[in-house]
Amino acid sequence: MAYRLYFHPFSSFCQKVLIALYERAVPFEPTIVDLSDAGQRAELEALWPMTKFPVLRDEARGVTIPESSLIVEYLDRAHPGPPPLVPADADAALEVRILDRFFDQYVQAPMNKVVVDRLRPDGAGDAWGVEDSRRQLARAWDIAEARLAGNGGPWAAGAEFTLADCAAAPALFYGNIVAPFRGHAWLEAYYERLLARPSVARVVEEARPYRALFPLEWPDSYR
């Protein structure tokens with residue numbers, strides 16, 4: 001098999017790549033990495049010294065691609081749509097990439113800050129950082145609401161499902177637990193459309209066995 005994906009099903013950034021793979025029905029060899037296992041960690045580190053997943057290995061070309069956005073763009077070129085996950089038009093592609101960065105940097109990053117803080121030893125927490133992250137998420141919800149209200153389509157960047165939606169789905173899934181976005185009608189409706197998308201529904205179910213890893217309480221709506 002040409003592709004081998006090093007990942008973990010519960011990782012939001014890995015889910016972003018899985019959604020793209022499932023959207024394109026791309027065959028790949030899944031390699032789940034437990035970073036607490038020295039052997040598995042060493043195997044990942046040999047491919048990508050930062051020892052972060054996801055990492056895609058294209059065995060046919062002898063190419064290793066780290067980072068979720070780069071992997072999705074690589075797959076989009078190798079397995080083009082329609083529609084493309086990154087539009088060919090430069091202006092449309094820029095909008096998709098802006099939204100991809102928005103969901104990664106301004107939803108995923110502060111969400112991860114809150115979650116990781118719960119995993120720290122007693123006395124090692126960062127209460128100010130957690131509150132600041134919650135404020136960032138509240139601001140992100142307002143920005144996303146305004147963007148969705150004015151984009152003219154059902155998806156993050158408009159009419160077509162793109163890289164931006166691959167990023168948005170896991171970011172919103174976990175972010176809505178950390179700082180619920182109730183009261184944002186456009187964002188809530190968009191989130192429901194994401195959950196109904198077969199590729200997204202699949203990654204949610206594949207991650208379900210690992211929910212005990214999450215240090216926050218699961219809302220009843222997630223059960």
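Modeller: Contact here means heavy atoms within 4.5 Å. This is a predicted model, in which local features need pLDDT of at least 70 and side-chain atom pairs count only at pLDDT 80 or more, while totals for chains, interfaces and linings use all residues. Residues are numbered from 1 along each chain as its sequence is written, and side-chain values use heavy atoms, with hydrogens and water left out.

Colleague: Among contacts in the protein chain with a separation of 6 or more, what share comes from residues 24 or more positions apart?

Modeller: The count takes in contacts of the protein chain whose partners have a separation of 6 or more. Within that set, the share from residues 24 or more positions apart is 67%.

Colleague: In what order do the 4 strands of the open sheet stand?

Modeller: Strands are DSSP runs of E with at least two residues, and helices are runs of H or I with at least four, both numbered from the N terminus; two strands pair if DSSP finds at least two bridges between them. The pairing in this open sheet is mixed, and the order is β2-β1-β3-β4.

Colleague: Why is one side of β2 and of β4 left without a neighbour in the sheet?

Modeller: β2 (29-32) and β4 (63-66) stand at the edges of the sheet. One side of each is left open because each has a single partner strand.

Colleague: Which residue in β3 stands opposite Y3?

Modeller: Strand β1 (residues 3-7) and strand β3 (residues 55-58) run antiparallel and are joined by 4 bridges. Opposite Y3, in β3, stands D58.
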